[in-house]
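Subject: Structure for you to look at

Hello,

Here is the structure I promised to pass on. Please open it next to this note; what I found follows below.

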Amino acid sequence: MRENLLSLPSYKFSPTLTPTQICFISLQTPKLRRASPPPPPPPPPPHSRVQTKAMEVGGLDSKGRQFKNAEEMWREQTGDPSKKCDWYKHGVGYWEGVEASVNGVLGGYAQVNEPDIEGSEAFLNTLLSERFPNSDHFAALDCGSGIGRVTKNLLIRYFNEVDLLEPVSHFLDAARENLGHTSSDIHKATNFFCMPLQEFTPDAGRYDVIWVQWCIGHLTDDDFVSFFSRAKAGLKPGGFFVLKENIARTGFVLDNEDRSITRSDSYFRELFQKCGLHIYQSKDQKGLPEELFAVKMYALTTDSPKRVHRTRSKVKANMPRIIK
């Protein structure tokens with residue numbers, strides 16, 4: 001749905017406060033310094049959300065407000081059904097006011113498109129050769145597909161069928177039009193689902209790859225876990241997820257304007273554990289402007305990676321040694 005790459009303005013804090021490390025850069029790119037960590041949070045209530053160590057690290061919103069931990073932020077933002085409904089309503093509403101173009105979905109950074117696709121293609125090539133060396137028919141799901149930018153420039157060239165999932169209707173209309181000129185009998189966009197991630201359940205065993213890029217920040221932690229738990233059933237044997245997302249340096253950053261959060265790498269990793277997913281490979285995206293968030297790609301599988309048992313080389317072990 002959204003590809004909000006731009007980091008948020010920096011803020012200064014009094015040394016008497018307990019700030020968290022800031023995970024963003026201003027347009028002038030001054031980086032905030034690491035501060036001492038906040039005190040340990042109180043024990044969570046019995047019916048609290050998914051609790052992980054990373055979620056106990058403080059964070060900030062785009063106005064500079066500090067939160068002691070993710071629980072405090074989520075309780076304020078989505079603590080009852082009405083607030084949660086508003087969270088998702090405002091998120092979609094923000095993108096309904098954005099132009100259906102590459103420049104629009106990339107937040108005015110159309111130049112990011114080329115390095116983004118190049119980085120994704122290199123990552124995907126490695127994964128397909130390792131996971132599906134002998135397969136000649138692929139199906140993929142493009143989550144938060146927007147105008148079909150990733151499908152058009154990448155996925156449709158590697159997969160026979162690509163389904164698009166997008167809650168913003170005028171983005172999906174643009175995707176239909178954009179992909180109508182690139183589809184063929186062999187490589188085609190098949191289904192266009194106008195639906196948010198938190199409400200979608202894929203057909204069982206349909207997809208080799210489920211691609212989730214620059215949209216998962218709109219989901220609450222509970223819905224993050226719920227989505228991936230449902231979506232696992234949509235993977236074929238050997239299938240995998242690719243999650244490509246902005247990365248905070250620590251904790252999280254809440255964007256008040258589009259109702260999304262940018263999570264840290266450790267935050268993501270702990271949520272992956274809650275989903276029963278394993279990191280098969282990960283890679284940093286290169287070549288993006290310095291003022292933007294760092295971006296990371298994760299290949300996630302339902303099966304744990306095989307461990308390589310290393311044994312000491314007998315040749316090396318039996319080599320003669322110099323007696324000193």
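In which hand does α7 cross α8, left or right? The crossing is right-handed. Bear in mind that this is a predicted model.

First, the helix pair. α7 covers residues 221-231 and α8 covers residues 265-275. Their axes lie 9 Å apart, at an angle of about 50°. That angle falls between 35 and 65 degrees, so the two helices count as oblique to each other.

The contact itself is easy to trace. From α7 come Asp221, Phe224, Val225, Phe228 and Ser229. Across from them, α8 supplies Tyr267, Phe268, Leu271, Phe272, Lys274 and Cys275. Sorted by class, the contact of α7 with α8 has 8 nonpolar residues, 1 polar and 2 charged.

Next, the sheet. It is open and has 7 strands, in the order β5-β4-β3-β6-β7-β11-β10. Pairing is mixed. β5 (188-193) and β10 (278-284) are the edge strands, each paired on one side only. From one strand to the next, the twist averages 20°.

At the β10 edge, the partner is β11 (residues 294-301). The two strands run antiparallel and share 6 bridges. Glutamine 281 sits opposite alanine 299 of β11.

Finally, a helix on the sheet. α5 (residues 149-158) lies across four strands: β3 (139-143), β4 (161-165), β5 and β6 (207-213). Relative to β6, α5 runs at about 140°.

Best wishes

Notes
Residues numbered from 1 in each chain as written. Predicted model: local features only at pLDDT ≥ 70, side-chain atom pairs only at ≥ 80, totals over all residues. Heavy atoms only, no water. Axes fitted to C-alpha atoms, helices over the stretch in contact; angles between N-to-C directions. Parallel < 35°, antiparallel > 145°, perpendicular 65-115°, else oblique. Left-handed = near helix turned anticlockwise from the far one by under 90°. Contact = heavy atoms within 4.5 Å. Nonpolar A, V, L, I, M, F, W, Y, C, P; charged D, E, K, R; others polar. Pairing = 2+ DSSP bridges.
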